[in-house]
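Okay, thanks for having me. I'll walk you through one structure today, so have a look at it first and then we'll talk.

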Amino acid sequence: MIKKIGILTSGGDSPGMNSIIKNIVYFSKKNNIKTYGIINGYKGLYYNNIIKKKKKNINNIIDKGGTFLGCSRFEKLKKKNIRLKIINNIKNIIDLLIVIGGEGSYKGAYKLNKMNLPCITIPATIDNDISGTDYTIGFYTALETIVNCIDNLKYTLISHNRILILEVMGRKCKDLALNSSICNDNLYLITKKKINEYKLFKFIKKNIYYNKYIIILVMENLINIKKYSKKIEKITNIETRFTSLGYLQRGSKPSAFDRILAFKMSKFAVKNLIKKNITGKCIGIKKNKIIQYDLKKK
Ligand code: F6P
């Protein structure tokens, strides 16, 4: 019987992580399951940084950005001896570990689960890069932030008749860039290192004078946006600036959509998995239905 669970948030923080923690604690309590919060993700597990949640701790966190448990990137988890220490630290305290995070966090959960530390994962990352679920918690909030920033940037660009190269997050996943690029006019999307410059300059020529601004939206880590803005300026003779939205995209408070998704997934986790002693699963949403699927290697 699962009676004690540990909760950790891992990787990059994502809007809605707090909403998941709140709901997991709430539904667990309703079912007489004890919850333990792990500070700073897998790193906290390694250093035995575990807290027993008290009711007051989860009041007023549902609407907050970030994660009040803290999170970290813990590369050492790839090593078997580190995972063994983690399992030793926690095996007499909890029956199950709930991992809230993105792709990297899922890999860690898969390995721990294989080494007999029962795990369940809930998808929370702005990147939307987890196969098996249509959406990750935090993606739509981050998208909204990006779209709001683009709306603001547009007016200063129009005033100066400028081009802007705008870099957005998403790691290797196109979803943030792709979806934000269809939310306003005059956006040219770049998702590949090799840029089709014939098409790009044709777009600039066609649109700049009529619309008075252009935003070239690029996925992060593809090109050097400072260098490329200089190149564009030189070729077009139009003032070109660059901006990276950076961590602004991650820090917002969760949207209603993400809070509701957190509620539904947390309820599903407790009701359909934990209460039934089912482990080694991921929670997701497919075609608007909350689902479970096996925790896999990739
Ligand atoms: O995984 C979320 C994310 O924000 C990515 O979009 C980005 O590449 C990365 O995290 C940044 O990580 P860090 O916070 O370690 O700089």
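**Two cysteines and a ligand**

Let's start with C282: at 2% relative accessibility, that residue counts as buried. One caution before I go on: this is a predicted model.

C119 is buried too, with a relative accessibility of 0%. So what about disulfides, how many does a search of the whole structure find? Zero. And why is C119 not bonded to C282? The closest cysteine sulfur to that of C119 is the one in C282, and they're 10 Å apart, so that's too far for a bond. For reference, the cut-off for a disulfide is 2.5 Å between the sulfurs. Coming from the other side, C282 is in no disulfide either, and its nearest cysteine sulfur is that of C119.

Okay, on to the ligand. Where does it sit? The space it takes is the largest pocket. Around the ligand you'll find R73, T125, I126, D127, M169, G170, R171, E220, Y247 and R250. Sort that shell by class and you get five charged, three nonpolar and two polar residues.

Now for some polar contacts. Y247 has a side-chain N or O atom 2.5 Å from an oxygen of the ligand. With G170 the backbone does the job: a polar backbone atom there is 3.2 Å from a ligand oxygen. And R171 places a polar side-chain atom 3.4 Å from an oxygen atom of the ligand. As for cover, the ligand taken alone exposes 400 Å², and the protein buries 77% of that.

That's my tour, happy to chat.

Notes
Residues are numbered from 1 along each chain as its sequence is written. This is a predicted model: local features need pLDDT of at least 70, side-chain atom pairs count only at pLDDT 80 or more; totals for chains, interfaces and linings use all residues. Side-chain values use heavy atoms; hydrogens and water are left out. A residue is near a molecule or strand if one of its heavy atoms lies within 4 Å of it. A polar contact is a pair of N or O atoms within 3.5 Å; within protein, one must be able to donate a hydrogen and the other to accept it, and residues adjacent in sequence count only if both atoms are side-chain atoms. Accessible areas come from the Shrake-Rupley method with a 1.4 Å probe; for residues, only the protein chains shown count as cover. On a 1 Å grid over the protein atoms alone, a cavity is a set of points where a 1.4 Å probe fits but cannot get out, and a pocket is an open set with protein on both sides within 12 Å along at least five of seven lines; lining residues have an atom within 4 Å of a point. A molecule sits in a cavity or pocket if more than half of its atoms lie within 2 Å of its grid points. Ala, Val, Leu, Ile, Met, Phe, Trp, Tyr, Cys and Pro count as nonpolar, Asp, Glu, Lys and Arg as charged, and the others, Gly among them, as polar. Buried means under 20% relative accessible area, exposed over 50%, partly exposed in between (1.4 Å probe, protein chains only).
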